Amino acid sequence: QVQLVESGGGLVQPGGSLRLSCAASMSIGSIYIMAWYRQAPGKQRELVATITSSISTRYADSVKGRFTISRDNAKNTMDLQMNSLKPEDTAVYYCNAYYFRDLWGQGTQVTVSS
């Protein structure tokens, strides 16, 4: 069964870094666009970053310059490198892709706190 699985979340101090990974059970080479979303308690889901099959990237203004999205089609993975983390980055982070249907991972918790 096709699925996406996120990993790499955890507790980090403000100013610290985390690297999130999304592992896909299927080939992602033909998927035009993949994305990272996040959702904080009491808030709507927010688009964090996107990456296309040609490795063109876009970022939410709130994370631009601090986060880097990447994908490795040979390994069927997508990553999100998060630097200079702030408390407002605290959220559950989700991997997203369309592969015959809209696919979401289960999410991984990122908590930024001192």
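**Strand pairing, core and aromatic contacts in a predicted model**

In this predicted model, strand E4 and strand E9, the latter spanning residues 91-98, pair in the antiparallel sense over six bridges. Within this pairing, Met34 has Ala97 of E9 as its bridge partner. Strand E4, which covers residues 33-39, also pairs in the antiparallel sense with strand E5, residues 46-52, and six bridges are again found between them. Here the bridge partner of Ile33 is Thr52 in E5. The hairpin formed by E4 and E5 has six residues between the strands, and Gly42 in this hairpin takes a positive phi near 75°.

Two residues of the paired strands were examined in further detail. Thr52, which lies in strand E5, has a relative accessible area of 7% and is therefore buried. When neighbours within four places in sequence are left aside, the contacts of Thr52 are with Tyr32, Ile33 and Arg71, so that its bridge partner Ile33 appears in this list as well. Ala91, found in strand E9, is likewise assigned as buried, with a relative accessible area of 1%. Not counting residues up to four places away in sequence, Ala91 touches Arg38, Gln39 and Ala40, together with Thr108, Gln109 and Val110. The C-alpha atoms of Ala91 and Ser53, which are 38 residues apart along the chain, are separated by 26 Å.

The largest nonpolar core has 30 residues, and those with the most contacts inside it are Trp36, Leu80, Met82 and Tyr93. Strands E3 (18-24), E4, E5, E7 (67-72), E8 (77-82), E9 and E11 (108-112) each supply at least two residues of this core. For Tyr93, the contacts that remain once neighbours within four places in sequence are set aside include Trp36, Leu80 and Met82. Also in contact with Tyr93 are, among others, Glu6, Leu20, Tyr37, Arg38, Val48 and Phe67, and the list further includes Gly107, Thr108 and Val110.

The structure holds one disulfide, which joins Cys22 to Cys95 with an S to S distance of 2.0 Å. This pair links distant parts of the chain, since Cys22 belongs to strand E3 and Cys95 to strand E9, with their positions 73 residues apart in the numbering. The torsion about the S-S bond of Cys22 and Cys95 is about -70°, and the disulfide is therefore left-handed. Both ends are assigned as buried, Cys22 having a relative accessible area of 1% and Cys95 counting as buried at 0% relative accessibility.

Turning to the aromatic residues, the count comes to three aromatic pairs. In one of these pairs, the ring centres of Tyr99 and Phe100 are 4.9 Å apart and the ring planes stand at 80°, so the arrangement is edge-to-face, given that planes over 60 degrees apart fall in that class. With regard to accessibility, Tyr99 is partly exposed, with a relative accessible area of 23%, whereas Phe100 is exposed, with a relative accessible area of 71%. Tyr37, Tyr94 and Trp104 form one aromatic cluster. Arg45 lies over the faces of two members of this cluster, at 4.8 Å from the ring centre of Tyr94 and at 4.4 Å from the ring centre of Trp104.

Finally, positive phi values were found in two residues other than glycine. Ile55 has a positive phi of about 65° although it is not a glycine, and this residue is found in the loop between E5 and strand E6, residues 57-59. At 46% relative accessibility, Ile55 counts as partly exposed. Asn76, for which phi is near 55°, lies in the loop between E7 and E8, and with a relative accessible area of 17% this loop residue is buried, because the assignment requires a value under 20%.

How values were computed. Residues are numbered from 1 along each chain as its sequence is written. This is a predicted model: local features need pLDDT of at least 70, side-chain atom pairs count only at pLDDT 80 or more; totals for chains, interfaces and linings use all residues. Side-chain values use heavy atoms; hydrogens and water are left out. Two strands pair if DSSP finds at least two bridges between them. Helices (H or I, at least four residues) and strands (E, at least two) are DSSP runs, numbered from the N terminus. Rings of Phe, Tyr and Trp (its six-membered ring) pair if their centres lie within 6.5 Å; planes under 30 degrees apart count as stacked, over 60 as edge-to-face and the rest as tilted. Buried means under 20% relative accessible area, exposed over 50%, partly exposed in between (1.4 Å probe, protein chains only). A charge sits over a ring if NZ of Lys or CZ of Arg is within 6 Å of the ring centre and within 35 degrees of the ring normal. A nonpolar core is a set of buried Ala, Val, Leu, Ile, Met, Phe, Trp, Tyr and Cys residues joined through side-chain atoms within 4.5 Å. Contact means heavy atoms within 4.5 Å. A disulfide is a pair of cysteine sulfur atoms within 2.5 Å.
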